[in-house]
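Biologist: I am new to this structure and would be grateful for a close look at a single part of it. Please begin with one residue and then place it among the neighbouring elements.

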Amino acid sequence: MFDWDDARIFISAARAGSLSRAARRLGMDPATVGRRVARLETSLKATLIVRSASGLQLTAAGAHFLDSAGRAEGFMVDAGQAGRPDASGGTVRISASEGFGSAILAPALPDLTEIAPDIRIELAANSGFLSPSRREVDLAVTLSAPDAARLSVQPLTNYELALYASPAYLDRCGAPATITALGEHRIVGYVSDLIYAPELRYLDEIMPGLSPALASSSIRAQREILAAGGGIGVLPCFLAGGLVRVLPDEVLLRRRFWLSAHQDVSETTRLKIVQRWLKAVCHAQRGRLSPFSQT
């Protein structure tokens, strides 16, 4: 039989993606984390993780054990809160896209602490998403509906994107009169081979073959390039404050954010509270998320 404390350390290492990051979170040194994971593997007679240049990679056995151990961890946390009147405390980690997480969710977090002071929020607002199915996060806001097993998935909110440029750029270079004329302008967009979701490949949707002269994997960096007069690019409308919409009659993209949680924890009190808060935030921000919607 394995030691549950070794399993807890393995869960932290698997979620962190490296021994050093897990060690910092656990208050241990990386060598000790590595020894405890190795001891767990010996107990289970299975290799759970392998090291690579990009960090720790789960084996099939490791992914299976992480799913099972993660569920057990969730039940133990809930059991530990059973004596509390509201059982609503604990940590909730949320994964969201960089733009949505930083511009919509982050400014609203202080309100959540007033509503639920016993809940500790960890917001991972990155280029890319962490997965509830792999127990990397409790809740994920994604650009498409995940199809992983054992996830509870629901639509969260619609949002709109459009072409934008700075007033300075348009004064200097003029505004394109047609979509075809975009080919005569400097385009700002994503680095093609670093695009992490097909929903972000919208330049081809606007005009086949349209490609950026200035590219970044970060939507916030793209916004800064545009604000500095770097060219014309697509932005979520909620990030476009101070910029000028280009080709407003021709280009308006609509997308949807989806909210997912692992089924084993989706009905816990703390996740229900945070999910209600997320929906309330999106409702309050609908004028920024979909400013050109007819409904």
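Modeller: L247 is buried, as its relative accessible area is 6%, which falls under the 20% limit for that class. Please bear in mind that the model is predicted. L247 belongs to the loop that connects β10 (244-246) with β11 (253-262). Its backbone is notable in one respect: phi of L247 is positive, at about 50°, although the residue is not a glycine.

A second residue offers a useful counterpart. K45 is likewise a residue other than glycine with a positive phi, in this case near 55°. K45 is found in the loop between α3 and β1 (49-52). Its relative accessibility is 76%, and K45 therefore counts as exposed, whereas L247 is buried.

The loop of K45 follows on from α3, and that helix may be considered next. Helix α3 comprises residues 30-44 and packs against helix α1, residues 4-16, at an angle of about 115°. The axes of α1 and α3 are 9 Å apart, and the crossing of α1 past α3 is left-handed. On the side of α1, the residues in contact are D5, D6, A7, I9, F10 and A13; on the side of α3, they are V33, R36, V37, R39 and L40. Sorted by class, this contact of α1 with α3 contains seven nonpolar and four charged residues, and no polar ones.

Burial may also be followed in the strands. In strand β3, residues 90-97, six of the eight residues are buried, so that the strand is mostly covered. Strand β3 runs parallel to strand β4 (residues 119-126), and eight bridges join the two. Within this pairing, G90 stands opposite I119 of β4. Strand β3 is also joined to strand β5 (residues 139-142), again in parallel, by two bridges. Here I94 of β3 has L139 of β5 opposite.

Helix α10, residues 269-284, completes this account. Its buried residues include R270, L271, I273 and V274, and Q275, W277, L278, V281 and C282 are buried as well. The length of α10 can be checked by simple reasoning: with 1.5 Å a residue, its 16 residues should span 22 Å. The end C-alpha atoms of α10 are 23 Å apart, which agrees with that expectation.

Technical notes
Residues are numbered from 1 along each chain as its sequence is written. This is a predicted model: local features need pLDDT of at least 70, side-chain atom pairs count only at pLDDT 80 or more; totals for chains, interfaces and linings use all residues. Side-chain values use heavy atoms; hydrogens and water are left out. Axes are lines fitted to C-alpha atoms, for helices over the stretch in contact, and angles run from 0 to 180 degrees between N-to-C directions. Helices (H or I, at least four residues) and strands (E, at least two) are DSSP runs, numbered from the N terminus. A crossing is left-handed if the near helix is turned anticlockwise from the far one by less than a right angle, and right-handed if clockwise. Contact means heavy atoms within 4.5 Å. Ala, Val, Leu, Ile, Met, Phe, Trp, Tyr, Cys and Pro count as nonpolar, Asp, Glu, Lys and Arg as charged, and the others, Gly among them, as polar. Buried means under 20% relative accessible area, exposed over 50%, partly exposed in between (1.4 Å probe, protein chains only). Two strands pair if DSSP finds at least two bridges between them. The expected span of a helix is 1.5 Å times one less than its number of residues.
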